[in-house]
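Me: Please take a close look at the helix packing here. Then follow the charged pairs, with cut-offs for each term.

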Amino acid sequence: MFLFDNLLCMLLGISFTVWFTLLLVFIIVPAVFGVSFGILSVYICTCLLFLTVLLSPSGIIAKELASLEQEMQEMRRSGSGSALGGAEFEMSDIFHFCRRGVESIVDDEVTKRFTAEELESWNLLTRSNYNFNHISTRLTVLWGLGVLIRYGILLPLRVTLAFTGVGLLVFLTSLIGLLPNGGMKSFLSEKAHLMCYRICVRALTAIITYHDSENKPKNGGICVANHTSPIDVIILSSDGCYAMVGQVHGGLMGVIQRAMVKACPHIWFERSEVKDRHLVAKRLSDHVADKTKLPILIFPEGTCINNTSVMMFKKGSFEIGCTVYPVAIKYDPRFGDAFWNSSKFGMVNYLLHMMSSWAIVCSVWYLPPMSREEGEDAVQFANRVKAAIARKGGLADLLWDGGLKRDKVKEVFKEEQQKLYSKVLVGGAEDRSRS
Amino acid sequence: MGSTSSTLSKIPNADELIQETGFTSAHLARLFERFEALDKDKKGYLSPQDFEAIKELALNPICDRIIGAFFSSGQEMLDFSSFVRILAHFRPIDNNRTKEPNSPDPINSRINKLKFAFQLYDQDKDGKISRNELLQVLRAMLEKQVTEEQLESIADRTIQEADLDRDDAISFEEFRKSLEKVNIDHKMSIRFLR
C-alpha cells in the first residue's frame with residue numbers, strides 16, 4: 001500500500017515537472033523574449049481546414065437604402081405632380097415613414113449589433129450555433145471531439161499560463177516598485193509588463209497581427225480603440241506600454257491594480273470620482289501633459305460592442321486637446337467569439353468561454369495620429385476618429401450610442417428625422433416663392 | 001433545413017396563415033422567430049411596450065400610429081396570427097396570382113395597402129380624414145421645424161386638392177383617387193428575402 005502511494009506521488013511529481021518544463025520551454029521563455037515558434041501557425045491552418053460547414057441565413061428583409069430625400073423626389077416625379085413642380089406635402093409622404101417603421105419591426109439594426117455576430121458557417125462552438133439543431137451524426141461526433149480537445153487539453157494549459165502570467169505580473173511590479181523613480185525603473189517596468197502580457201496572450205492563444213507599427217502611440221498622447229472585450233487591453237499592452245484608466249476594484253482585480261501602479265503610473269479612479277467629469281478630465285490632462293508618462297489607453301465607446309460596427313464615441317476623451325492615436329481592433333469570428341455581452345454573462349463565465357475557444361485571431365491597425373482641428377468641436381472630432389477606425393477595421397460606422405444596449409433613444413434623434421423631412425418640404429416651398 | 005420545420009410546428013395554425021397571407025413557410029418561420037425575439041418576457045403575445053422597445057421604431061415620427069395600427073381593436077395583446085396578418089399588408093403585390101371571381105382581395109392588394117395607410121391618418125375611425133387629423137399627422141412629422149401657420153396652410157392646401165365633395169374632409173375614395181398615379185406597390189412593400 002505504502003509503496004503504491006509513494007509510486008503515485010512520484011508519478012504525479014514527475015508528470016507535473018515534465019508538464020511545467022514543456023510549458024516553460026515552449027511558451028513562457030519565448031514569450032519573455034517575444035519570439036515564437038511556428039507551432040501556432042500550423043495549429044491555425046488545421047483549424048481552418050475544419051471550419052467549412054453549412055451556411056446560415058442572415059437578415060430577414062432587404063432594406064430600402066434610399067434616403068428620405070431621394071424617396072421624396074421619386075414620389076414627386078411619379079405622383080400626382082402639381083404644376084408648380086416644387087416639393088409639397090403629399091398624402092403619400094406618410095408611406096415612407098410607415099414602411100420604415102414596419103421594416104424596423106421586422107428587423108432592426110440595433111438589436112442585431114448587440115447579439116453575437118451571426119456566422120456564415122459554424123465553427124463547432126455550440127455557443128455560436130443558433131439555427132442548427134441536429135444536422136448529422138458526423139457533425140455531432142466532430143463536435144464532441146472538439147469539446148474533448150478544448151476542455152481537456154487546451155483549457156488546463158491556458159489556465160496554468162494565465163495564473164503564471166498574472167502572478168508574475170503582480171510579483172514583478174511589486175518588486176520594481178521598490179526601486180527609486182528613474183530611467184532604470186521605467187525600463188524594467190516596461191520589460192516586466194510586456195513579458196507578463198505576452199504570457200497572458202499565450203494563455204488565450206491569441207494570434208495577433210499588428211499593422212502599421214510606425215504609428216504606435218507615443219508619450220503624452222491618448223490611444224483610442226474600439227472595444228469588444230476586456231481582452232482588448234491585453235492585446236494592445238503586449239505590443240506597447242500604456243497607462244491604463246479605470247475604476248478601482250476590490251478583490252483580485254484590486255490587487256493587480258495596486259501592484260501595477262507601483263511600477264508605473266496608471267490612472268485608477270475611485271467609484272465616487274468617476275461621476276465627476278471635471279475631475280476625470282483634469283487627471284487625464286495632467287497625465288498627458290507630463291511627457292515622461294506613457295500614453296493613456298481609452299475605449300470611448302463605453303461598452304463592449306460585438307465587433308461588427310463602431311458605435312458613437314463618448315466625447316470626454318476628445319475634449320482634452322492632445323494628440324489622439326486611433327487603433328482599430330478586429331477579431332476573426334471563425335475562431336472564437338470575443339464579444340463580451342456583459343448583460344448576459346459574468347466575467348468568469350466569459351473568461352472560461354475565451355479559454356475554451358479554438359483560438360483568438362485578431363488584427364490590430366495603428367492609424368496615424370489625429371488632432372482636433374480649428375473650429376471642430378469635441379463631438380465632430382470624435383466622429384472623425386470613429387469613422388477612421390471603422391473604415392480601417394472594416395466595421396460599420398453607426399450613429400448609435402453604445403448606451404442603447406441599456407437605455408432608450410434620445411429625443412434628439414427623433415428631431416433629426418423631423419428636421420430632414422421639413423427641409424425637403426419647406427425648402428421646396430421657398431424655391432417656389434422665389435421663382 | 002431542419003430548423004424551419006421545427007419552428008413551424010410551434011405555430012398553431014401555420015397552414016391557414018400561409019394560405020391567408022401568402023407568406024412562404026420559410027418566411028413564416030423567420031417571422032415567428034422575430035416575434036419571439038420581440039417578446040422579451042416570453043408572454044406568448046406582444047404588447048405596445050415591446051414595440052416601443054425597438055430603438056429604430058422609437059425614432060420614427062409616426063411610431064405611435066404604426067403601433068396603433070397593430071393594436072387597432074383597442075386590445076393590448078397581439079398574438080402571432082394578428083402580427084403576421086398585419087405584416088402581410090407589406091408583401092409585394094403578386095401580379096401573376098389568378099383572381100378567382102368571388103374570393104376576397106388578398107391582404108397585400110393595392111386597395112388593402114391604401115386602407116392600411118388611410119387608418120394611419122384616420123385615428124377616430126370615422127371613415128374620413130378631417131382637417132384636424134391631417135394637422136395632427138403633419139405635426140407629428142414636422143413638430144418644431146415649421147410654424148403652426150405653415151402647418152395650417154399645408155393642411156388647407158392638401159384638403160383643397162383632394163376634397164372633391166367639399167365636405168372639408170377626405171374620405172377613403174378621395175384618398176384613393178388622389179393617389180391614383182402613385183406606385184403604391186413600391187412604396188408600401190417590404191422585400192422579404194428567401
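Reply: H6(B) passes H8(B) in a right-handed crossing; that is, the near helix is turned clockwise from the far one by less than a right angle, while anticlockwise would be left-handed. This is a predicted model, in which local features need pLDDT of at least 70 and side-chain atom pairs pLDDT 80 or more, while totals for chains, interfaces and linings use all residues. Residues count from 1 along each chain as its sequence is written, chains are lettered from A and ligands numbered from 1 in written order, and side-chain values use heavy atoms, without hydrogens or water.

Helices here are DSSP runs of H or I with at least four residues, strands are E runs with at least two, and both are numbered from the N terminus. The axes of H6(B) and H8(B) come within 9 Å and cross at roughly 125°. That makes H6(B) oblique to H8(B). Under 35 degrees would be roughly parallel, over 145 roughly antiparallel, 65 to 115 roughly perpendicular; the rest is oblique. Axes are lines fitted to C-alpha atoms, for helices over the stretch in contact, with angles from 0 to 180 degrees between N-to-C directions.

Which residues meet at this crossing of H6(B) and H8(B)? From H6(B) come Arg65(B), Ile66(B) and Ala69(B); H8(B) supplies Phe116(B), Gln119(B), Leu120(B) and Tyr121(B). By class, five are nonpolar, one polar and one charged. Nonpolar covers Ala, Val, Leu, Ile, Met, Phe, Trp, Tyr, Cys and Pro; charged covers Asp, Glu, Lys and Arg; the others, Gly among them, are polar. Contact means heavy atoms within 4.5 Å.

Both helices also touch H7(B). The buried residues of H7(B) pack against H2, H3, H4, H6 and H8 of chain B, and against helix H4 (93-106) of chain A. Six of the eight residues in H7(B) are buried: Phe80(B), Ser81(B), Phe83(B), Val84(B), Ile86(B) and Leu87(B). Buried is under 20% relative accessible area, exposed over 50%, partly exposed in between (1.4 Å probe, protein chains only).

Now take H2(B) (residues 14-21) against H7(B) (residues 80-87). Their axes lie 10 Å apart at an angle of about 20°. That makes H2(B) roughly parallel to H7(B). The crossing of H2(B) and H7(B) is right-handed. Glu16(B), Leu17(B), Glu20(B) and Thr21(B) face Phe80(B), Ser81(B), Val84(B) and Arg85(B) across this contact. The residues divide into three nonpolar, two polar and three charged.

On to the charged pairs. A salt bridge puts a side-chain nitrogen of Lys or Arg within 4 Å of a carboxyl oxygen of Asp or Glu. The count is 14 over all chains.

In chain B, Arg176(B) and Glu173(B) form one such pair, 2.9 Å from N to O. They sit three residues apart in H11 (residues 172-178) of chain B, so about one helical turn separates them. Arg176(B) is partly exposed at 25%, and Glu173(B) is partly exposed at 41%. Asp39(B), Asp41(B), Lys43(B) and Asp50(B) are joined into one network by salt bridges that share partners.

In chain A, Lys216(A) and Asp239(A) pair at 3.5 Å between their closest N and O atoms. This pair links distant parts of the chain: the E2-E3 loop holds Lys216(A), and the H8-E4 loop holds Asp239(A), 23 residues apart. Lys216(A) is partly exposed at 28%, whereas Asp239(A) is buried at 18%.
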